[in-house]
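Please take a look at the sequence and the model below. The text after them is a guided walk through one sheet, one helix end and one pocket.

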Amino acid sequence: MEREKDTNGEVLWVWCYPSTTAPLRDLLLRKCCLTDENKLLHPFVFGQYRRTWFYITTVEVPDSSVLKKVTHFSIVLTAKDFNPEKYSTFARILCRMYLKHGSPVKMMESYIAVLTKGICQSEENGSFLSKDFDARKAYLAGSIKDIVSQFGMETVILHTALMLKKRIVVYHPKIEAVQEFTRTLPALVWHRQDWTILHSYVHLNADELEALQLCPGYIAGFVDLEVSSRPDLYDVFVNLADSEITIAPLAKEAMTMGKLHKEIGQLIVQSAEDPEKSDSQVIQDISLKTREILSNLAPFSEVSGDGEKLVLNFELLKQRRFPPATENFLYHLAAAEQMLNI
């Protein structure tokens, strides 16, 4: 998909392959920075809407280009997978082709080649290979160490919220900061390797919020501070600009912190502050601790009546006389892992 801004400041939806739905098209126009007067140009933004990922690359047209009446254009790639690096690299190749030829034909050829063969030749010699961009790399691209250096022990609030599949809203006026931070959070629950919970660029728009609220737990990024006065949208609110984390009143009971959380928090901080450790080693340390916590549920779990799944035996859990905050956390964790007999 591609859209242009011409010298009169008009934004045109130029062409699209394959066709798209009206709500997705409206959403993409909203995300694309061409429509905002005097706003900053965002070279690359990404997000998710109803299980479709969108990746938007925007460039300014140099005077030397064959595109005479166009000042800027955006290329949008939609996909089923989370992989910002892959799609920004591919879109940059497509941008260069469009700047050079001024027609979508060459780009379409490359797009179809990548779709069918996983490879396209770039005109600056060299080629784009889909297989160079595996999902795991995308999952590990953010920095957990940066998050811990900003939030310290409070990082455990984020870990707990993710473990319990709570709703996390992140605010910062700069979209790049929101994207960088939110994309890293799912790595705190590495055992799930689930980036479908990430909605890194959401507007306070009725259709988008409705789609978001259909998700049981999520990480949602906003650049509009108004979201802070929407407690219906979050259990945990992260004001990234002010380095503040707030737990919503309704989530306080499930998110009660105790000795176990302190232990997890200390482990996260110690690991992240170790200069010898890479981000992926920190993720590994947190993941080991997480698995240890999950294995805590094993002694109180039994196969359900239909023999299909493990469920928590709450009586057995109570008999263990854990500290109240630990028992509470394990109970809510079992609920998040769908181990309660309802």
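The paragraphs below go from the sheet to a helix residue and then to the pocket. Keep in mind that this is a predicted model.

Start with the sheet. It is open and has 5 strands, in the order 9-10-8-11-12. The pairing is mixed. In general, strands of a sheet pair through backbone hydrogen bonds, either parallel or antiparallel. Which strands stand at the edges? They are strand 9 (198–199) and strand 12 (244–247). Each has a single partner strand, so one side of each is left without a neighbour in the sheet.

Now follow the strand 12 edge. Strand 11 covers residues 236–239 and runs antiparallel to strand 12, with 4 bridges joining the two. Together they form a hairpin, with 4 residues between the strands. Serine 243 sits in the turn and has a positive phi of about 55°. Two cross-strand pairs help to find the register. Asparagine 239 has glutamate 244 as its bridge partner. Phenylalanine 237 stands opposite threonine 246.

Next, look at the two faces of strand 12. Ile245 and Ile247 make up the covered face. Glu244 and Thr246 make up the uncovered one. The general pattern is simple: in a regular strand the side chains alternate between the two faces of the sheet.

A helix also meets this sheet. Helix 6 (155–163) lies across strand 8 (167–171), strand 10 (218–222), strand 11 and strand 12. Its angle to strand 11 is about 140°.

Turn to glutamine 213. This residue lies in helix 8, which spans residues 206–213. Is glutamine 213 buried, partly exposed or exposed? Its relative accessible area is 40%, so glutamine 213 counts as partly exposed, the class between 20% and 50%. Setting aside neighbours within four places in sequence, glutamine 213 is in contact with Tyr218, Asp232 and Leu233. Tyrosine 234 is 21 residues from glutamine 213 in sequence. In space, the two are 9.8 Å apart, C-alpha to C-alpha.

Finish at the largest pocket. Its volume is about 470 Å³. There are 23 lining residues, and those closest to the centre are Asp194, Ile197, Cys215, Pro216 and Gly217. Which helices each supply at least two residues of the lining? Helix 6 does, and helix 12 (324–336) does too. Helix 6 thus appears twice in this walk: it lies across strands of the sheet, and it contributes to the pocket lining. By class, the lining has 12 nonpolar, 5 polar and 6 charged residues.

Terms used
Residues are numbered from 1 along each chain as its sequence is written. This is a predicted model: local features need pLDDT of at least 70, side-chain atom pairs count only at pLDDT 80 or more; totals for chains, interfaces and linings use all residues. Side-chain values use heavy atoms; hydrogens and water are left out. On a 1 Å grid over the protein atoms alone, a cavity is a set of points where a 1.4 Å probe fits but cannot get out, and a pocket is an open set with protein on both sides within 12 Å along at least five of seven lines; lining residues have an atom within 4 Å of a point. Grid points are joined across faces, edges and corners, and a volume is the space filled by probe spheres set on the points. Ala, Val, Leu, Ile, Met, Phe, Trp, Tyr, Cys and Pro count as nonpolar, Asp, Glu, Lys and Arg as charged, and the others, Gly among them, as polar. Two strands pair if DSSP finds at least two bridges between them. Contact means heavy atoms within 4.5 Å. Axes are lines fitted to C-alpha atoms, for helices over the stretch in contact, and angles run from 0 to 180 degrees between N-to-C directions. Buried means under 20% relative accessible area, exposed over 50%, partly exposed in between (1.4 Å probe, protein chains only).
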